[in-house]
Amino acid sequence: HSKMATIPLGFNIDSPRWDQSTFVGRLKHFLNITDPRTVLVPEEELDRAKALVEGCRAGVVPPGSSWEQLLYAKKLYDSAFHPDSGEKMNFVGRMSFQVPGGMAITGCMLQFYRTVPAVVFWQWVNQSFNAFVNYTNRNAASPISLRQIGVAYVTATGAALATAVGLNLYTKRAPPLLARWVPFAAVAAANCVNIPMMRQQEIINGITVTDENNNELGRSRRAAVKGIAQVVLSRITMAAPGMIILPIIMERLEKFTFMQRIRVLHGPLQVLLCGGFLLFMVPAACALFPQRCSLALADLELELRDSIMAKHGDKVPYVYFNKGL
């Protein structure tokens, strides 16, 4: 009898545990992957998880491995390794670091919104963090050069700063709550620039679209635009509740005398509250749209549509592609 046991029947390590065609299924999937506790897992354990997942793909696992162990290994693997290349991703760029990283930066953006230097500094920190996350989670099939990353980073930071500083000066005469909403406007504007710029290769050259059974049909620029638009929307949604609701809460709280006494704690309090929002919003925003995005044949570029029609007639009503995160 060999040392390695076989895999439990009907277990596929690469298929998601929950139905990805429903929002709730996707939410459970991303709650699992973006779990911030996985950030604390030591390197050796991540490497063991990777070995277990790769063994499982090859059909061999250590004897006595339970479903739970395999699923936990998959969770760690999904949280720390790039889906295309299988390389270990840097700590800061992982989706599981979005909550601790995002909560610290968002809390500071919401706390220090009054002076221009503070606005400039925190928007710059936030865009650097974003660029890092986007680079780490880039689509390995559409490589991006360091120069393009630099240009994307500079333009997104420029957009965020222009929006933040411009609105900051404009809201000097407006109700105080509006000034607190400036960081959100800046973040939304930057996302609209940062993500398309970071993924410009996909818009220029198109991304691979397939039929239902993953047979390649060609490359589509329109598919890339749809996928990237969904990612921009979900990133803005991720930030929205915390950055829109929290200022209202703080505005109310700061009227109380006890809150005026403990000014020094306002920053840490905002950071904690941001964390509460992000814990739920990171997975919810990722789950907004299916990872496997579809586009009706009628919406494709004319040349691509004609070539599909010529080959398959009307057997392919929809094409599918991976939208990225």
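These questions and answers deal with helix packing, cavities and a pocket in a predicted model.

Q: Why are α4 and α11 called oblique to each other?
A: The axes of helix α4 (residues 98–111) and helix α11 (residues 266–287) cross at roughly 135 degrees and come within 7 Å. Roughly perpendicular covers 65 to 115 degrees, and roughly antiparallel begins over 145. An angle of roughly 135 degrees falls under neither heading, so the pair counts as oblique. The crossing of these two helices is right-handed.

Q: What makes the contact between α4 and α11?
A: Residues of α4 including Gly102, Met103, Thr106 and Gly107 take part, and on α11 the residues include Gln270, Cys274, Gly275 and Leu278. By class, this contact holds eleven nonpolar and nine polar residues, with no charged ones. Glycine is put with the polar residues, so Gly102 and Gly275 belong to that class here.

Q: Why are α2 and α3 called roughly perpendicular?
A: The axes of α2 and α3 cross at roughly 115 degrees and come within 8 Å. The range for roughly perpendicular is 65 to 115 degrees, and therefore the name applies to α2 and α3. The crossing of α2 with α3 is left-handed.

Q: Which residues of α2 and α3 meet?
A: Among them are Glu45, Leu46, Ala49 and Lys50 in α2, and Gln69, Leu70, Tyr72 and Ala73 in α3. The contact of α2 with α3 divides into eleven nonpolar, one polar and four charged residues. Glu and Lys count as charged, so Glu45 and Lys50 are among the charged residues of this contact.

Q: What makes α6 roughly antiparallel to α7?
A: Helix α6 (residues 146–170) packs on α7 at an angle of about 160 degrees, and their axes are 8 Å apart. Angles over 145 degrees count as roughly antiparallel, so α6 and α7 get that name. α6 passes α7 in a right-handed crossing.

Q: How many nonpolar residues does the contact of α6 with α7 have?
A: There are 16 nonpolar residues, along with four polar and no charged ones. Ala152, Ala156, Ala159 and Ala160 are among the residues that α6 brings, and Ala185, Ala186, Ala189 and Ala190 are among those of α7. Alanine counts as nonpolar, so these residues fall in that class.

Q: How many cavities of 30 Å³ or more are there, and what volume does the largest have?
A: The count is five cavities. About 270 Å³ of space lies in the largest. A cavity is space where a 1.4 Å probe fits but cannot get out.

Q: Which residues lie closest to the centre of the largest cavity?
A: Thr106, Asn126, Met238, Ala239 and Leu278 do, out of 19 lining residues. Thr106 and Leu278 also belong to the contact of α4 with α11. At least two lining residues come from each of α4, α5 (116–136), α7 (176–198), α9 (221–253) and α11. By class, the lining has eleven nonpolar, seven polar and one charged residues.

Q: What lines the second largest cavity?
A: Twelve residues do, and those nearest its centre are Asn134, Asn137, Arg138, Arg199 and Leu325. The elements α5, α7 and α9 give two or more residues each. Its volume is about 100 Å³. The lining divides into six nonpolar, three polar and three charged residues. Arg counts as charged, so Arg138 and Arg199 are in the charged class.

Q: Why is the space around Pro83 and Asp84 called a pocket?
A: A pocket is an open set of points, whereas a probe in a cavity cannot get out. Pro83 and Asp84, with Gln291, Arg292 and Asn322, lie nearest the centre of the largest pocket, which is lined by 44 residues. About 1500 Å³ of space lies in this pocket.

Q: Which element gives the largest share of the pocket lining?
A: α3 does, with four residues. Other elements that give two or more residues include α1 (23–33), α2 (43–58), β3 (292–296) and β4 (318–322). The lining of the largest pocket has 18 nonpolar, 15 polar and eleven charged residues.

Technical notes:
Residues numbered from 1 in each chain as written. Predicted model: local features only at pLDDT ≥ 70, side-chain atom pairs only at ≥ 80, totals over all residues. Heavy atoms only, no water. Axes fitted to C-alpha atoms, helices over the stretch in contact; angles between N-to-C directions. Parallel < 35°, antiparallel > 145°, perpendicular 65-115°, else oblique. Left-handed = near helix turned anticlockwise from the far one by under 90°. Contact = heavy atoms within 4.5 Å. 1 Å grid on protein atoms, 1.4 Å probe; cavity = no way out; pocket = protein on both sides within 12 Å on 5 of 7 lines; lining within 4 Å. Points joined across faces, edges and corners; volume = space filled by probe spheres on them.
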